[in-house]
Amino acid sequence: LELHLVPVFHAREEFGGALLVVQDVSAIRRLERMRSEFVANVSHELKTPIAAVKGFAETLLGGAVNDPEISRSFLQIIFDESERLNRLIGDILELSKVESRRVPLHFSPIEMSGFIAKTIEVISAEAAKKRIILDMRVEEGIYVEADEDRLLQILMNLLSNGINYTPEGGKVSVSVEPLYNKGGLLNQEGDYEYIRIRISDTGIGIPKKDLPRIFERFYRVDKARSRSSGGTGLGLSIVKHLVELHKGTIMVESTVGVGSTFTIELPVLQ
Ligand code: ADP
């Protein structure tokens, strides 16, 4: 709590007494702390690739440039780290947009079996590189009202995580089902009011202690693994905000060494 004494003046600047203002500032302080933590995280994340670019460029300039083989491998690192910076900045801007709800959503009815088939096709080359099977279980004729580009972004993010965190020869599956009685309430008309999308993998899984935190910005279970697969640690926080912008929910279940399942529930009508 913060107390302020505010002097009160009448007309012609005549002192009229004082007002005691009591203000609960804990929420404001919490927001300030979160903001400064975010800035600290962002700076740290940006510094790592910049330091690499600078260091390798310096070594090249210092003479390594005369060795063609070393030059090639250092330039490749500089290129990769620049790409990483690009992705990071893109994700930071995207997150700040979805966090402040500055994303206009264009809702339209989407037929899920066609949509999932299309999505799987987009990511099939990435899966093929690791001989990962993409499996889809969606009946025809299930509709949801959503922003198609954003829904694609949500699914692509979860599918590419599934592929990234699953060893060669594994499987990533998507299923969609209508929910008739969410929360135990049966709809009068017998129509479904929600759909449930599940994305499961047979991957490395997530330790129990990390599960509650993986939707936080920059949170990664294994920094090195996320880095080597090109991750920014922002994907899941962006996904969560996008799901919430659709008034939906997302949750995760996982067993280390067995696999993970992300479950999204979305209202059919916005
Ligand atoms: P990243 O860019 O690191 O993948 P995300 O925000 O997408 O960031 O995910 C956060 C962390 O959650 C990842 O670093 C990883 O540790 C964990 N994670 C996400 N999806 C999976 C998955 N399907 N299987 C195992 N771990 C996962």
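Select Lys247 to start: this residue lies in the loop between helix 6 (235-245) and strand 8. Helices here are DSSP runs of H or I with at least four residues and strands are runs of E with at least two, numbered from the N terminus. Lys247 counts as exposed, at 59% relative accessibility. The cut-offs are under 20% relative accessible area for buried, over 50% for exposed and partly exposed in between, with a 1.4 Å probe and protein chains only. Phi of Lys247 is near 60 degrees, a positive value in a residue that is not glycine. Most residues other than glycine have a negative phi.

The model is predicted: local features need pLDDT of at least 70 and side-chain atom pairs count only at pLDDT 80 or more, while totals for chains, interfaces and linings use all residues. Residues are numbered from 1 along each chain as its sequence is written, and side-chain values use heavy atoms, with hydrogens and water left out.

**Whole chain**

Zoom out to the full protein, which has six helices and nine strands. Its C-alpha trace spans about 80 × 75 × 35 Å along the principal axes. The radius of gyration is 25 Å, whereas a compact globule of 270 residues would have one near 18 Å. That radius is taken over C-alpha atoms, and the globule rule is 2.2 Å times the number of residues to the power 0.38. Of the 270 residues, 36% count as buried. Among contacts with a separation of 6 or more, 66% join residues 24 or more positions apart; contact means heavy atoms within 4.5 Å.

**Strands 8 and 9**

Now select strand 8 (249-255) and color its side chains by face. Ile250, Val252 and Ser254 point to one face and are buried, while Thr249, Met251, Glu253 and Thr255 point to the other and are not. In a regular strand the side chains alternate between the two faces of the sheet.

Add strand 9 (residues 259-267), which runs antiparallel to strand 8 and is joined to it by seven bridges. Two strands pair if DSSP finds at least two bridges between them. Ser254 has Ser260 as its bridge partner, and Thr255 stands opposite Gly259. The two strands form a hairpin with three residues between them, and Gly257 in the turn has a positive phi of about 80 degrees.

**The sheet**

Extend the selection to the open sheet of five strands, whose order is 4-6-7-9-8 with mixed pairing. Its edge strands are strand 4 (133-138) and strand 8, each pairing on one side only. Neighbouring strands are turned by 15 degrees against each other on average, direction ignored. Axes are lines fitted to C-alpha atoms, for helices over the stretch in contact, and angles run from 0 to 180 degrees between N-to-C directions.

Show helix 3 (residues 112-129), which packs on the sheet and touches strand 4, strand 6 (171-179) and strand 7 (194-201). The direction of helix 3 makes about 175 degrees with that of strand 4. Then show helix 4 (residues 148-164), which touches strand 4, strand 6, strand 7, strand 8 and strand 9, with its direction at about 25 degrees to that of strand 7.

Stay on helix 4. Its 17 residues reach 24 Å from first C-alpha to last, close to the 24 Å expected at 1.5 Å a residue; the expected span is 1.5 Å times one less than the number of residues. Asp147 caps its N-terminal end, with a side-chain oxygen 3.1 Å from the backbone nitrogen of Asp149. The buried residues of helix 4 include Leu151, Ile154, Leu155, Leu158 and Leu159.

Next select Met136 in strand 4, which counts as partly exposed at 30% relative accessibility. Leaving aside neighbours within four places in sequence, Met136 is in contact with Ser113, Ile116, Ala117, Ile120 and Val174. Met136 and Ala117 are 7.6 Å apart, C-alpha to C-alpha, and 19 residues apart in sequence.

**The loop after strand 7**

Finish in the loop between strand 7 and helix 5 (223-228), where Asp210 is found. Asp210 is buried, with a relative accessible area of 4%. Beyond four places in sequence, Asp210 touches Tyr219 and Val221.

Leu211 is in this loop too and counts as buried at 15% relative accessibility. Not counting residues up to four places away, Leu211 touches Ile206, Val252 and Ser254.

The last stop in this loop is Phe218. Phe218 is buried, with a relative accessible area of 7%, and has a positive phi of about 65 degrees although it is not a glycine.

Methods. A polar contact is a pair of N or O atoms within 3.5 Å; within protein, one must be able to donate a hydrogen and the other to accept it, and residues adjacent in sequence count only if both atoms are side-chain atoms.
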